[in-house]
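Hi,

Here is the structure I promised to pass on. Have a look at it first, and then read my notes below.

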Amino acid sequence: MQGLLLLIFAKYFHLPFLRGVQTETTRTGLGGYWGNKGGVSARMSVFGHTICFLNCHLPAHMENSEQRMEDFESILQQQQFEGQAATGVLDHDVVFWFGDLNFRIDDLDMQVVKSAIDNNKLPILWEKDQLNMAKDSETVLEGFLEGPLKFSPTYKFDVGTNTYDTSGKKRKPAWTDRILWRLRATAPAGAALSAGKRGSFSGLSSGTKVTQHCYRSHMEYIVSDHKPVSSIFTLQFPYKVDIPLVTIIVDDEWNSIADAIVKFKVAPNFSRSSWDWIGLYKVGFKHPKDYVGYVWAKQEETDFHRQEHQVAFTEEELPKCSGDFILGYYSNNMNSIVGVTEPFQIQLPTSGVDTSSSDSSDLSSEDDSKPHSKHRSHRSGSHDRSLSRSGSPAQAKMKEPNVTDGPPSSTTATAESGSTVHPAGGSSSQPSAPGEKDKDSAESGV
């Protein structure tokens with residue numbers, strides 16, 4: 001895809017409950033050959049509830065309203081996910097649909113539209129908005145909700161200004177940039193959003209509720225002929241899943257190498273892999289690949305009846321600087337972090353001055369250098385980990401790239417792409433020597 005980017009961020013303590021992450025892309029430009037138009041999506045299970053985020057860029061121009069709807073339906077038909085819970089976009093419990101949808105304002109001429117904007121009589125324009133009108137006739141839009149458009153149309157502006165188009169084309173202002181949401185079941189009568197009123201909607205028998213707190217544009221951005229649009233939601237539902245698959249136990253402080261012992265317990269229904277690992281991360285890490293060190297969570301035959309497992313970090317796997325860190329258990333089968341610790345301190349007596357950035361937020365996933373992020377890995381069994389498994393998690397066999405999403409009270413999440421070197425994006429190639437820890441960066445997520 002070109003010009004379409006979907007990033008999902010999540011708080012670290014929600015990561016173990018973001019599962020089944022999958023992504024899809026659909027090109028619709030030039031009959032499906034060009035990615036200047038189309039849609040990208042990320043889906044996941046959040047505390048047991050399925051959520052899908054869909055970002056679309058639909059065809060432009062006033063006369064292409066029907067083409068926009070056809071492309072949207074094509075995107076929905078083509079984007080199918082693996083698994084039985086929710087195979088299509090609209091099969092999810094909650095869907096957030098947003099992007100440059102390119103719908104325009106019909107019938108009214110330029111002077112009427114600008115006069116309504118200047119005099120803050122926006123409801124006059126709502127009635128002629130193509131997307132609002134399509135909701136009354138297009139079955140595929142059934143159940144989609146949107147907050148009131150209380151901000152001025154976000155297109156088209158002279159770049160570098162807040163002035164609507166003065167070029168020879170003189171495009172009529174329109175709300176091309178939109179954010180909508182949908183609950184899998186239709187909201188009960190009387191709960192629908194009425195014009196000029198924001199509200200909460202409970203449409204699932206499980207008590208799921210989506211509340212929109214704000215819906216606005218940002219006029220201060222002048223680098224484009226569009227103005228960006230944002231919205232804040234609260235998503236509330238009873239937890240269907242609230243116990244992590246892996247519980248990691250660690251001391252509050254590591255003051256010596258001997259303290260670097262990690263214990264972990266796995267849930268009875270958790271399927272471990274020989275390629276699972278535990279990463280050591282700096283607080284604020286952005287991606288499973290951003291580990292400072294790692295150990296393999298190797299499973300021995302004698303481990304099957306053990307309730308608690310233990311691994312240890314060697315000196316070479318520990319950070320050379322002091323700070324707050326987090327441990328995360330990465331599941332190769334699930335392509336996600338399934339267990340994390342609370343932040344704890346590492347302050348080793350041999351720590352020297354750290355000449356590199358200590359915050360992974362300064363590190364791009366496209367950077368070829370070693371990430372200065374915070375992951376912690378476990379080691380299974382004794383300190384002779386390298387005898388039983390060589391190489392880094394980077395060489396682990398991985399599946400499709402994954403994306404992690406947000407807490408039940410927010411629409412945040414994390415996207416990640418596979419890599420042939422990083423632990424989070426390994427390939428089926430043979431492991432490298434134990435000393436190799438180069439991590440070729442791929443597209444970052446969080």
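**The loop between strand 5 and strand 6**

K156 sits in the loop that runs between strand 5 and strand 6. Before going further: this is a predicted model, so please read everything here with that in mind. The peptide bond joining Y155 and K156 is cis, with omega at about 0°.

The same stretch of chain kept drawing me back. K170 is in the loop between strand 5 and strand 6, and its phi is positive, about 45°, although K170 is not a glycine. K170 is partly exposed, at a relative accessible area of 48%.

R171 is also found in the loop between strand 5 (144-145) and strand 6 (177-183). R171 has a relative accessible area of 24%, so it counts as partly exposed. Leaving out residues up to four places away in sequence, R171 touches H61, M110, Y155, K156 and D165, so both partners of the cis bond are on that list. H61 is 110 residues from R171 along the chain, yet their C-alpha atoms are separated by 9.1 Å.

Then there is K172, again in the loop between strand 5 and strand 6. What does a buried lysine do here without a salt bridge? The side chain of K172 reaches the backbone oxygen of L108, at 2.4 Å. The nearest side chain of opposite charge belongs to D106, 6.1 Å away, and a salt bridge needs the nitrogen within 4 Å of a carboxyl oxygen, which is why this pair does not count. Not counting residues up to four places away in sequence, K172 touches M62, I105, D106, D107, L108, D109, M110, V113 and Y155.

**Salt bridges**

The count comes to five salt bridges. One of them pairs D93 with R184, where the closest N and O atoms are 2.9 Å apart. This pair links distant parts of the chain, 91 residues apart: D93 is in the loop between helix 1 (65-78) and strand 4 (94-100), and R184 is in the loop between strand 6 and strand 7 (200-202). D93 is buried at 8% relative accessibility, whereas R184 is partly exposed at 44%.

E146 takes part in two that I'd look at together. K135 and E146 meet through their side chains at 3.8 Å, N to O. K135 is in the loop between helix 4 (130-134) and strand 5, and E146 is in the loop between strand 5 and strand 6, 11 residues apart. R178 and E146 form the other salt bridge, at 2.7 Å, N to O. Here R178 is in strand 6, with the two positions 32 residues apart in sequence terms.

As for burial, E146 has a relative accessible area of 8% and is buried, R178 is buried at 1%, and K135 is partly exposed at 25%. D129 joins these residues: D129, K135, E146 and R178 are linked in a network of salt bridges.

**Cores and overall make-up**

The protein has five helices and 21 strands. Of its 446 residues, 52% are buried. Among contacts with a separation of 6 or more, 70% are between residues 24 or more positions apart.

The largest nonpolar core has 54 residues, and I51, F53, F96, L125 and W175 have the most contacts inside it. Strand 2 (residues 34-46) gives this core its largest share, four residues. A second, separate core has 24 residues, including V250, W254, A297 and I346.

**Odds and ends**

How many disulfides are there? The count comes to zero. Among the cysteines, C214 is partly exposed, with a relative accessible area of 23%, while C321 is buried at 13%.

One more backbone point: N102 is another residue other than glycine with a positive phi, near 70°. N102 lies in the loop between strand 4 and helix 2 (110-118). With a relative accessibility of 3%, N102 counts as buried, whereas K170, with its positive phi, is partly exposed.

If you open one region to begin with, I'd suggest the loop holding K156, K170, R171 and K172.

Cheers

How values were computed:
Residues are numbered from 1 along each chain as its sequence is written. This is a predicted model: local features need pLDDT of at least 70, side-chain atom pairs count only at pLDDT 80 or more; totals for chains, interfaces and linings use all residues. Side-chain values use heavy atoms; hydrogens and water are left out. Buried means under 20% relative accessible area, exposed over 50%, partly exposed in between (1.4 Å probe, protein chains only). Contact means heavy atoms within 4.5 Å. A disulfide is a pair of cysteine sulfur atoms within 2.5 Å. A nonpolar core is a set of buried Ala, Val, Leu, Ile, Met, Phe, Trp, Tyr and Cys residues joined through side-chain atoms within 4.5 Å. Lys and Arg count as positive and Asp and Glu as negative; His and the chain ends are not counted. A polar contact is a pair of N or O atoms within 3.5 Å; within protein, one must be able to donate a hydrogen and the other to accept it, and residues adjacent in sequence count only if both atoms are side-chain atoms.
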